[in-house]
Amino acid sequence: MLEIKNLSARYDAVISALEKLDFEVPEGRIVAVLGPNGAGKSTLLKAVAGMLPFEQGEICEGRVIFDRLLLNGKHPATITRRGIALVQDGRQCFRNLTVGENLKAASFQTPKGNAERLKLVLAYFPILEEFFDRPAGLMSGGQLQMLVIGMALMLQPKLLMLDEPSLGLSPVMVQAVFEVVERLHRDLGMSVVVAEQTVPRLMEIAHDIYVLSRGRLALHAPPHDVSQERLHDLYLS
Ligand SMILES: Nc1ncnc2c1ncn2[C@@H]1O[C@H](COP(=O)(O)OP(=O)(O)OP(=O)(O)O)[C@@H](O)[C@H]1O
Ligand SMILES: [Mg+2]
């Protein structure tokens, strides 16, 4: 479904963030992208979503192909319409708007089937129904994470990419977030890419693991081949 070949990316024309990376997401798979701070996880997700130019970044080598379409140089809105949604880190939403308004604003580009989609999102995240008419800024970190995932689902993506969804959440909320990821995959057959530092729960649900280190691929293996000890060594090396 998503095929990345020999991808190199940089910022400000000099800072190399990804080096000759090969990466693949087969249809209906959960793929984990792991690695320490600065490894290139967010850069990889932004390269796929067409977001690098907004940070003086660029793809300088390689190809990003999704559903047989070359995404290099495409505008983020075009990429979204093709079926890719990125939930960036930082839980970005309109904090002064209500939860309902945020969900509707998220899907303004894809108005078709909105009402059914909203029903589905509220079924996945009952908390969003509870807060529907209240400002998003009143929600906790975990509830906001549910909101931004809900906003991405309003786009009806085939591929959902989550950047460090567990950051700063309590263990119970982390469990809840990954439970939703697993259900999206199980019920809707959605492909999901999750970038994280290390999260044991993610290791349990992922079909495939990529570990990045300083912009390069340090390891690509099925989860049962990736022990915490091995990750620890990779992170320290
Ligand atoms: N907007 C930017 N401008 C310049 N350099 C950047 C920018 N964003 C990231 N970088 C650099 O690119 C490299 C990869 O960063 P990236 O944010 O992709 O790593 P990461 O794996 O997501 O790290 P973290 O776990 O801290 O989120 C780092 O060296 C970082 O300093
Ligand atoms: Mg990051």
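A polar contact is a pair of N or O atoms within 3.5 Å, and that cut-off is handy for the first view, where a nitrogen atom of ligand 1 is 2.8 Å from an N or O atom in the side chain of glutamate 55. Please keep in mind throughout that this is a predicted model.

**View 1. Polar partners of ligand 1.** Three side chains are picked out here. The glutamate 55 side chain has an N or O atom 2.8 Å from a nitrogen atom of ligand 1. Serine 42 offers a side-chain N or O atom at 2.8 Å from an oxygen atom of the ligand. For glutamine 197, the distance between a side-chain N or O atom and an oxygen atom of ligand 1 is 2.9 Å. On its own, ligand 1 would expose 630 Å², and the protein buries 69% of that area.

**View 2. The shell around ligand 1.** Now we step back to see who else is there. The ligand is surrounded by 15 residues, and the closest are Asn37, Gly38, Lys41, Ser42 and Thr43. Sorted by class, the shell holds 5 nonpolar, 6 polar and 4 charged residues. Which element gives the most residues to this shell? That is α1, with 3 residues. The elements that give two or more residues are β2, spanning 15–25, and α1, spanning 41–49.

**View 3. Helix α1, from end to end.** How many of the residues of α1 are buried? The count is 9 of the 9, so the helix is largely enclosed by the rest of the structure. Its buried residues are Lys41, Ser42, Thr43, Leu44, Leu45, Lys46, Ala47, Val48 and Ala49. Lys41, Ser42 and Thr43 will be familiar, as they are among the closest residues to ligand 1. After α1 comes glycine 50, with a positive phi near 75°.

**View 4. Threonine 43 and its tyrosine partner.** This close-up stays in helix α1, where threonine 43 is found. Is threonine 43 buried or exposed? With a relative accessibility of 7%, threonine 43 counts as buried, the cut-off being under 20%. Its side chain makes a polar contact with the side chain of tyrosine 11, at 2.8 Å. Threonine 43 is also one of the closest residues to ligand 1.

**View 5. Two loop residues with positive phi.** Neither residue shown here is a glycine, yet each has a positive phi: near 55° for glutamine 56 and near 50° for arginine 214. Glutamine 56 sits in the loop between α1 and β4 (57–66). Arginine 214 belongs to the loop between β9 (208–213) and β10 (216–221). Exposed means over 50% relative accessible area. At 55%, glutamine 56 counts as exposed, and arginine 214 is exposed too, with a value of 72%.

**View 6. Helix α7 and its two faces.** This helix covers residues 171–188, 18 residues in total, and reaches 25 Å from its first C-alpha to its last. That is close to the 26 Å expected at 1.5 Å a residue. Buried in α7 are Val174, Val177, Phe178, Val180, Val181, Leu184 and His185. Why do they line one face of the helix? Seen down the axis of α7, the buried residues fall within an arc of 145°, so one face carries them. An α-helix has 3.6 residues a turn, so residues three or four places apart point the same way. The face turned away from the buried side of α7 carries the exposed residues Pro171, Val172 and Arg186.

**View 7. Leucine 160 and histidine 185.** Here strand β7, which holds leucine 160, is shown with a residue from the buried set of α7, His185. Leucine 160 is buried, with a relative accessible area of 0%. What separates leucine 160 from histidine 185 in sequence and in space? They are 25 residues apart along the sequence and 9.8 Å apart from C-alpha to C-alpha.

**View 8. Helix α6 and the loop after it.** With 13 residues, α6 reaches 18 Å from its first C-alpha to its last, close to the expected 18 Å. Of those 13 residues, 12 are buried, so α6 is largely enclosed by the rest of the structure. Among them are Leu144, Met146, Leu147, Val148 and Ile149. Leucine 155 lies in the loop between α6 (141–153) and β7 (159–163). This leucine is buried as well, with a relative accessible area of 17%. The C-alpha atoms of leucine 155 and leucine 103 are separated by 9.7 Å, although the two are 52 residues apart along the chain.

Technical notes
Residues numbered from 1 in each chain as written. Chains lettered and ligands numbered in written order. Predicted model: local features only at pLDDT ≥ 70, side-chain atom pairs only at ≥ 80, totals over all residues. Heavy atoms only, no water. Near = heavy atom within 4 Å. Polar contact = N/O pair within 3.5 Å; in protein donor to acceptor, adjacent residues only side chain to side chain. Areas by Shrake-Rupley, 256 points an atom, 1.4 Å probe, with all protein chains shown as cover. Helix = DSSP H or I, 4+ residues; strand = E, 2+ residues; numbered from the N terminus. Nonpolar A, V, L, I, M, F, W, Y, C, P; charged D, E, K, R; others polar. Expected span 1.5 Å × (residues − 1). Buried < 20%, exposed > 50% of the residue type's maximum accessible area, 1.4 Å probe, protein only. Arc of directions from axis to C-beta.
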